[in-house]
Amino acid sequence: MTFVPTPLRDIAKVVRSKNAGPFEITLDIIFKSKEDYEAVKRSGVITRELVSELYNVPTQAIITFGFFDLVNAVKITLPRPRPQGGIGETDMHAAQQHVPLQEIRVPWPAP
Amino acid sequence: MVASNDEIRILTPSGMLGYGFPLDHFRLGLAQKPHAITIDSGSTDSGPQKLGLGEMTCSREAYMKDLEVLLEAQREAGIPLLISSAGGDGTNLHVDAFRNMIAEISRKRGWRFKLAKIYADIDKKHVVRELQAGRVEPLGPVPPLDPREVEAATVIVAQMGAEPFLKALAAEDVDVVVSGRAYDPAPTAAMAIRAGFDPALAWHMGKIMECGALCAEPVGRNVIGYLRHDHFEIEPLNPAERCTTASVAAHTLYEKTHPFLLAGPGGTLDLSNCTYEQVTDRRVRVSGSRFDPGTRYTVKLEGARTAGWRSIFIAGARDPIFIGQIDSTLDRVIAGAREYFSEVPQSSYRIIPHIYGKNGVMGDLEPVKTPAHELCIIVEVAAATQALATAICGKVRTSLMHSPYPGRIATAGNIASPFTPLEIPLGQACEFNVYHLMTVDDPTTLFPVRYEEIS
């Protein structure tokens, strides 16, 4: 089987971001199946270090990072760059901060 | 109606009072003979201006529409209607606003209700005393609370747990409860705990139902929960929607810090050992929820302050020569505006460009570095007064319009202005400045209950 780097947007069922209270942003990657979830988990591509780089947050400031088997999901919670809805806000509900995760490429069986 | 010994049924028509909900599905829920209707009205999601300026999440007209339907259902079914976090922020002001709306509807329709109001504003002096006693701590990535921020906050509320609802429902024949700021699942949890069911299952079912049928596929509004002694079941009321084990299990991810550990007033709900079973093709059974009361009872404090006045302008840019130099041009224009207003202290105002088509949504985190063929430029100015914010905004706009830049051949103007007024006053800006946990000795003393006969 040939594997090609495939973006998560073509693999996952849900890739989303949302405020979790006024001071945190939370990111969910939910997979279509246990098999897909396990394959991405095994790939070792999604790490704290990668999240730190994509979101410019030191690894020690990451509030939640984990693979959660029960829900076939990766959950990441980060501090917001500024309190929600204050001066300079660009995304009140933090609803459009997921795009860097969509673009993560995982080795995946060629279609 | 009193819950039978082995089941309590709760109907939640929507995740947010004032957003409306399909009445036919609501009636399907009422036909299941629920023991209570619960609906949340609260959220900090749409920003600090509610707490900061006393605004409500939805319009009065929207609340009146939903309230009239709910009050009518309450009367017909003879079951309690519990409404939490009145107006969005759950301040005393908005509990009273909801009371007045209920009174107006009652007058119009000739109805009578026994209303319980639970208030959640917290005296600032009390917060400062508790802060000095070491009983107030930051919640998450928030600075420690400064007494000056307590003073600066327009109002401070605390999120109540289930206990104040239990207290309010202890009086006889309460028809309607309107509460100030509450943990969203609290009304549902209180009804179930009051009927003698497991608090862990009660909180978990409340946690799912407070969002309406967001746990369904596709997501919807009306949802009903059936809580029994060792499990609960959840089903959307729109026949076109389904709860699946995946959709219900995954719902607890939504806008939560952690997928399995959900902290609230009085303890932490632990969902790590839950079991989800498909009972019918639209209904899911949940068991195995646990609740850890912890060593002390804490409530979350919320507050916001005003932070000056804002004005913006909105402009388009299409010229590729200009777009290629947008950052350096804006830097120069903003520096020029600051020099022009040299009599205004530099730190007393802010000028923040938002450049859509470049990095307007993600800012420095934007991975794509090449701008689009056209840009929308919004410049946000925050200053001590509206007039000053608008004046600075105007200076930045006119300078950006006419500023020369290297290679310029479009010498008549640099930006395309779609709207008048060219500078748009936005009113007062607000910022969340209190988001802390406070330890309490008693879960009810901060939340006074008042009864009233509405007729």
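**Close-ups of a predicted two-chain model: legends**

**View 1. A:Asn56 sits in the loop of chain A that runs between helix H2 (48–55) and strand E4 (64–68).** Helices here are DSSP runs of H or I with at least four residues, strands are runs of E with at least two, and both are numbered from the N terminus. This is a predicted model, where local features need pLDDT of at least 70 and side-chain atom pairs count only at pLDDT 80 or more, while totals for chains, interfaces and linings use all residues. Residues are numbered from 1 along each chain as its sequence is written, and chains are lettered from A, with ligands numbered from 1, in the order in which they are written. A:Asn56 isn't a glycine, yet its phi is positive, about 55°. Most residues other than glycine have a negative phi. A:Asn56 is exposed, with 11 other C-beta atoms within 10 Å (exposed means 12 or fewer such atoms, buried 20 or more, partly exposed in between, with C-beta atoms placed from the backbone).

**View 2. A:Ala94 is another non-glycine with a positive phi, about 50°.** Look for A:Ala94 in the loop between strand E5 (73–79) and helix H3 (99–102) of chain A. Is A:Ala94 buried or exposed? A:Ala94 counts as buried, having 24 C-beta neighbours inside 10 Å.

**View 3. Helix H3 of chain B covers residues 60–77, 18 in total.** From first C-alpha to last, H3(B) reaches 25 Å, close to the expected 26 Å (1.5 Å times one less than the number of residues). Its buried residues are B:Tyr63, B:Asp66, B:Leu67, B:Leu70, B:Leu71 and B:Ala73. Down the axis of H3(B), these fall within an arc of 160°, so they line one face of the helix; the arc is that of the directions from the helix axis to the C-beta atoms. An α-helix has 3.6 residues a turn, so residues three or four places apart point the same way. On the face turned away from the buried side of H3(B) are the exposed B:Glu61 and B:Glu76.

**View 4. The buried residues of H3(B) pack against helix H1 (23–30), strand E2 (36–40), strand E3 (81–84) and helix H4 (92–109) of chain B.** Contact means C-beta atoms, placed from the backbone, within 7 Å. After H3(B) comes B:Gly78, with a positive phi near 65°.

**View 5. B:Glu217 and B:Pro218 are joined by a cis peptide bond, omega near -10°.** B:Pro218 is in the loop between helix H9 (199–209) and strand E8 (223–227) of chain B.

**View 6. The bond from B:Thr420 to B:Pro421 is cis, with omega about -5°.** B:Pro421 lies between helix H13 (386–402) and strand E18 (424–440) of chain B, in the loop.

Terms used:
Two residues are in contact if their C-beta atoms, placed from the backbone, lie within 7 Å.
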